[in-house]
Amino acid sequence: MIHQLLAEFMGTALMIVFGVGVHSDEVLKGSKYRGSGHLFSITTWGFGITVALFIFGDVSINPAMVLAQCVLGNIPWMMFIPYSVAEVLGGVVGAIIVYIMYTDEFKASEGNIDPVAVRNIFSTAPGIRNLPRNFFVEFFATFVFIASIIAITQIKTPGIAPIAVGLLVWAIGMGMGGPTGFAMNLARDMGPRIAHAILPIKNKADSDWQYGIIVPGIAPFVGGLCAALFMHGFFGY
């Protein structure tokens, strides 16, 4: 159990190092890759998740996936909270590692970069704030994400799942990511959002907990639950 919890913690932390790292690259003054755009960012998220899955193997690195696996009977319900907590803590630590790596760039950006843009390096935010619609976007993206992963994991060819999941993240990001930034994962959003709140970043924007809890917090769980029920009821998984 300890080994699996550590794998969830480290796998999530590594995923966040890639993800928050690429947003730091894209946004912060002094970064050599500043202004590279969302294709650059989304591709790095996809590749980063693939790497994390290759290293740590059979991990969820997403509380919504943990919930889906509990519903399907693949993870005991008693492990739902421990796994989820380990993943959120991994998100916090991964974001702190990125801050340490990019401290000079964060300092160079003080007063030069919109504090909301700095916050959005860590956590997701909507292009147009409409909480019911933002909730639906995150719900549906997570539904597709979790249902697709459940189908992908039925293919037993070694090495296929991490690559396919990375391509899935890339496709969802490109096709559904524009409205909300496609969190699909409480640990991906809440962990770095907590890190942003506690890090010594000057003139920081508020953490927007209302959005963080309602949209990337709750919606992925609803999407993951519906995905598990659909894949079980329709395909018999």
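Axes are lines fitted to C-alpha atoms, for helices over the stretch in contact, and the angles between them run from 0 to 180 degrees between N-to-C directions. In this predicted model, helix H7 (residues 131–152) and helix H10 (residues 209–235) pack at an angle of about 40°, with their axes 7 Å apart.

## Helix packing around H7

The relation of H7 to H10 is therefore oblique, and H7 passes H10 in a right-handed crossing. By class, the residues of this contact comprise 20 nonpolar, five polar and one charged.

Helix H3 (residues 63–72) also packs against H7, at an angle of about 55° and with the axes 11 Å apart. H3 and H7 are therefore oblique to each other, and the crossing of H3 past H7 is right-handed. On the H3 side the contact is made by Ala64, Met65, Ala68 and Leu72, and on the H7 side by Thr142, Ile146, Ile149 and Ile150. Seven of these residues are nonpolar, one is polar and none is charged.

A further partner of H7 is helix H8 (160–176). The axes of H7 and H8 come within 10 Å and cross at roughly 160°. Because angles over 145 degrees count as roughly antiparallel, H7 is roughly antiparallel to H8. H7 passes H8 in a right-handed crossing. From H7, the residues Val137, Phe140, Ala141, Val144, Phe145, Ser148, Ile149 and Ile152 meet Ala161, Ala164, Val165, Leu168, Val169, Ile172 and Met176 of H8. This contact has 14 nonpolar residues, one polar residue and no charged residues.

The three packings are set out below.

| Helix pair | Angle between axes | Axis separation |
|---|---|---|
| H3 and H7 | about 55° | 11 Å |
| H7 and H10 | about 40° | 7 Å |
| H7 and H8 | roughly 160° | within 10 Å |

Ile149 of H7 takes part in the contact with H3 and also in the contact with H8.

## Aromatic pairs

A search of the whole structure finds 14 aromatic pairs. One of them joins Tyr99 and Phe106, whose ring centres are 5.1 Å apart and whose planes lie at 45°, a tilted arrangement. Tyr99 counts as buried, because its relative accessibility is 10%. Phe106 counts as buried as well, with a relative accessibility of 6%.

Phe235 and Tyr237 form another pair, with ring centres 5.7 Å apart; their planes are at 15°, so the pair is stacked. Phe235 is partly exposed, with a relative accessible area of 45%, and Tyr237 is partly exposed at 33%. Both residues belong to a cluster linked by ring pairs, which consists of Phe136, Phe139, Phe140, Phe143, Phe230, Phe234, Phe235 and Tyr237. Within that cluster, Phe140 is also one of the H7 residues that meet H8.

## His232 in helix H10

His232 is found in helix H10 and counts as partly exposed, at 48% relative accessibility. Leaving aside neighbours within four places in sequence, His232 is in contact with Leu72 and Tyr237. Leu72 is one of the H3 residues in the contact with H7, and Tyr237 is the stacking partner of Phe235. By contrast, the C-alpha atoms of His232 and Tyr102 are 44 Å apart in space, with their positions 130 residues apart in sequence.

## Loop residues

Most residues other than glycine have a negative phi. Ile61, which is not a glycine, has a positive phi of about 45°. The place of Ile61 is in the loop between helix H2 (38–56) and H3, and its relative accessibility of 5% means that Ile61 counts as buried.

Asp208 has a positive phi near 50°, again in a residue other than glycine. Asp208 lies in the loop between helix H9 (186–198) and H10. At 15% relative accessibility, Asp208 counts as buried, because the limit for burial is under 20% relative accessible area.

Gly177 is found in the loop between H8 and H9 and counts as buried, at 9% relative accessibility. Not counting residues up to four places away in sequence, Gly177 touches Ile172 and Phe182. Ile172 is one of the H8 residues that meet H7. The C-alpha atoms of Gly177 and Ile42 are separated by 9.0 Å, although the two residues are 135 residues apart along the chain.

Technical notes:
Residues are numbered from 1 along each chain as its sequence is written. This is a predicted model: local features need pLDDT of at least 70, side-chain atom pairs count only at pLDDT 80 or more; totals for chains, interfaces and linings use all residues. Side-chain values use heavy atoms; hydrogens and water are left out. Helices (H or I, at least four residues) and strands (E, at least two) are DSSP runs, numbered from the N terminus. Angles under 35 degrees count as roughly parallel, over 145 as roughly antiparallel, 65 to 115 as roughly perpendicular and the rest as oblique. A crossing is left-handed if the near helix is turned anticlockwise from the far one by less than a right angle, and right-handed if clockwise. Contact means heavy atoms within 4.5 Å. Ala, Val, Leu, Ile, Met, Phe, Trp, Tyr, Cys and Pro count as nonpolar, Asp, Glu, Lys and Arg as charged, and the others, Gly among them, as polar. Rings of Phe, Tyr and Trp (its six-membered ring) pair if their centres lie within 6.5 Å; planes under 30 degrees apart count as stacked, over 60 as edge-to-face and the rest as tilted. Buried means under 20% relative accessible area, exposed over 50%, partly exposed in between (1.4 Å probe, protein chains only).
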